[in-house]
Amino acid sequence: AKKTLIVGGVAGGATTATRLRRRDDSMEIVIFERGDYISYANCGLPYYIGGVIESRDALLVTKPEVMRDRFHIDVRVSSEVTKIIPEEKKIEVTNKKTGEVYEETYDNLVLATGSSPIKPPIPGINADNIFTLWTVPDTDRIKAYLTEKKPRSAAVIGGGFIGLEMAENLHAEGLEVSVIEMQSQVMAPVDPEMANLVHENMIMNGLNLILGDGVKEFHHKGNTIQIELTSGNMVETDMVILSIGVRPNNELAKQAGLALNQKGGVLVDDYLQTSIPDIYAVGDVIEVTHYVTKDKTMIPLAGPANKQARILADNIVGDKKKYNGTLGTAVAKVFDLDVASVGLNEKQLKAMGKVKNQDYFVALINQKSHAGYYPGATPLTLKMLFDGEGKILGGQIVGQDGVDKRIDTLATTMRLDGTIYQLEELELAYAPPFSSAKDPVNMLGYVAENILRGQVKFIDWSELDTLLADESKKNSYTVLDVTEEMERMVFAVPNSIHIPSGQIHDRWNELDKNKMIILYCTIGVRSYNAARVLIQKGFKDVSVLSCGTSFYKSM
Ligand code: FAD
């Protein structure tokens, strides 16, 4: 029988092993895992710390005994693979409990070694009260610290999804939590205006959010950590969670002479084979093709790792299945909001030198999670990027409810190479508790088509701000508020003209046709309707403020 050795026993490794067993009953399959646990729920770790997941056992999805008894897979935990000798098709293993070093031969070798949190050489970073969260023992250490030392405050360094999940869970444990992020926004996969909704919500929940500032040094005074920031500001805290990104666990691959990319990711072909025959790799450690750009990139997520693992197992037993790339579909819960993204964001498009309203277009809309008349409807903010042919380049959604299904609908459409025109046609399940007869995803399609056909033009918050600040353009535009009197008393863009949307049919001739007209209301619906009136009355340059003042005010 053939023998497949798998290095790494969590997402990619465990899935490869069980799928292999289902495909080939006679194959000898051995998993080597340097940690004490296999197949654990890394994604669930923050929720165990916060007490949402109560049982530690629930995190251990499959135990080595189950793998052995149910799947006849030989699982060796506390076993680190320290060397690959490709010429002899052999690996060297160190038993971390006994210190024994031995060799094992293979027909196929799978690297599913994952990634590890980055720990930069910041002075003072190595301390008992500075943690990273990646494994079950990491979790145990944090949990024990919380129980034994009863810290009152915590600082999370890094505003990615793991950092924010930790912030929420530590806050739920009653700690005062600071989040320190070097960039000017949290959740890098979404654009600033979307992240800003998250910022507001974090602050509303009592978090101390520090943006645009990095850590210079950790000073220790007894059990207290004083974090010195690059700005010179200090944050005092009882514990720190570092969550500033990951790097691929590529030491073995490097040693074996496998081809790597600049970030250290293992290069694989479409069939997940590395540069050396009979050695394959999956998961966080590999470089993938971005599904939209077709560029090479690293996307460390659990879904892709599992999909690659299944494809690889099938290929090992003789299929020839391609892994067609990763879209980076992701979702996270941050306090009251869910934040989701897929594909490219606008920051990336700009960095690629793409020009708005030329190379790409933006639909940014505000919708309800379900029919407004049914109780519990909450706002959804959706942003979609697409090109002139209607190809969807990416999407982002923030809201309290129904975010996940909308991002999945977008991701599915993108994966099937659908366009904005297909979004309009999607027939999605509807009853008042769930959605509207025109689902927010349909609405994205409608708005996108209107944009491409020139039936509406949008201006976003930053473009309006730039315009308002530009004295030289002062006489070239009119800002038109189409809200009701009461709303205008709450907020009005300075120097705007007021014509409630219901009066636009009768009062449009008060406006100067030679000027650009920028209409706004609270979410963008009434202003769009009024804009259509103006366009049909012969106004040539009419723009609607995306998502209206509800959004604009928050920036
Ligand atoms: P891993 O699952 O990390 O497994 C790699 C294993 O290989 C490790 O156990 C390691 O000990 C072992 N190993 C490495 N080198 C050796 C060696 N030389 N010898 C033996 N063993 C070795 N992704 C999502 O999509 N959604 C989420 O909500 C999400 N939440 C997350 C939350 C947390 C706290 C963490 C840590 C990760 C989260 N992820 C999430 C990311 C997801 O867990 C990873 O993308 C996924 O586990 C990658 O699978 P993998 O098999 O490549 O690596």
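A residue counts as buried here if 20 or more other C-beta atoms lie within 10 Å of its own. Keep that in mind for the views below, which all come from a predicted model.

**Figure 1. Strand 23 is covered on both of its faces.** Strand 23 runs through residues 361-368, and eight of its eight residues are buried. In a regular strand, side chains alternate between the two faces of the sheet. One side of strand 23 carries Phe361, Ala363, Ile365 and Gln367. The other side carries Val362, Leu364, Asn366 and Lys368, and these are buried as well. Look next at the partner: strand 23 pairs with strand 24 (residues 379-386) in the antiparallel sense, over eight bridges. To find your way along this pair, start from isoleucine 365, whose bridge partner in strand 24 is leucine 382.

**Figure 2. Aspartate 460 sits in a loop and is buried.** The loop lies between strand 26 (458-459) and helix 13 (461-469). Is aspartate 460 buried or exposed? It is buried, because 22 other C-beta atoms lie within 10 Å, and the cut-off is 20 or more. Leaving aside neighbours within four places in sequence, aspartate 460 is in contact with Leu364 and Ser546. You have already met Leu364, as a residue of strand 23 in the first view. Serine 543 is another residue to find here: it is 83 residues from aspartate 460 in sequence, yet the two C-alpha atoms are 9.5 Å apart in space.

**Figure 3. Lysine 537 is partly exposed in its loop.** Follow the chain from helix 16 (525-536) towards strand 30 (542-545), and you will find lysine 537 in the loop between them. Why does lysine 537 count as partly exposed? It has 14 C-beta neighbours inside 10 Å, and partly exposed residues fall between the limits of 12 or fewer for exposed and 20 or more for buried. Aspartate 470 is 67 residues away from lysine 537 along the chain, and their C-alpha atoms are separated by 28 Å.

**Figure 4. Three strands form an open sheet.** Read across the sheet, the order is 13-14-15, with antiparallel pairing. Which strands stand at the edges? They are strand 13 (215-221) and strand 15 (234-237); each has a single partner strand, so one side of each is left without a neighbour in the sheet. Neighbouring strands of this sheet are turned by 20° against each other on average, direction ignored. Strand 14 (residues 224-229) is joined to strand 15 by four bridges. One pairing to pick out is glutamate 228, whose bridge partner in strand 15 is methionine 234.

**Figure 5. A shell of 32 residues surrounds the ligand.** Gly8, Val10, Gly12, Gly114 and Gly283 come nearest. Two or more residues of the shell come from each of helix 1 (11-23), helix 2 (45-49), strand 4 (79-85) and helix 8 (302-316). Sorted by class, the shell has 18 nonpolar, 10 polar and four charged residues.

**Figure 6. Stepping back, the chain holds 17 helices and 30 strands.** The C-alpha trace spans about 90 × 60 × 45 Å along its principal axes. With 555 residues, a compact globule would have a radius of gyration near 24 Å, and the chain's 27 Å agrees with that. Buried residues make up 44% of the 555. Among contacts with a separation of 6 or more, 63% join residues 24 or more positions apart.

Note on methods: Residues numbered from 1 in each chain as written. Predicted model: local features only at pLDDT ≥ 70, side-chain atom pairs only at ≥ 80, totals over all residues. Near = placed C-beta within 6 Å. Nonpolar A, V, L, I, M, F, W, Y, C, P; charged D, E, K, R; others polar. Rg over C-alpha atoms; globule rule 2.2 N^0.38 Å. Contact = placed C-beta atoms within 7 Å. Pairing = 2+ DSSP bridges. Axes fitted to C-alpha atoms, helices over the stretch in contact; angles between N-to-C directions.
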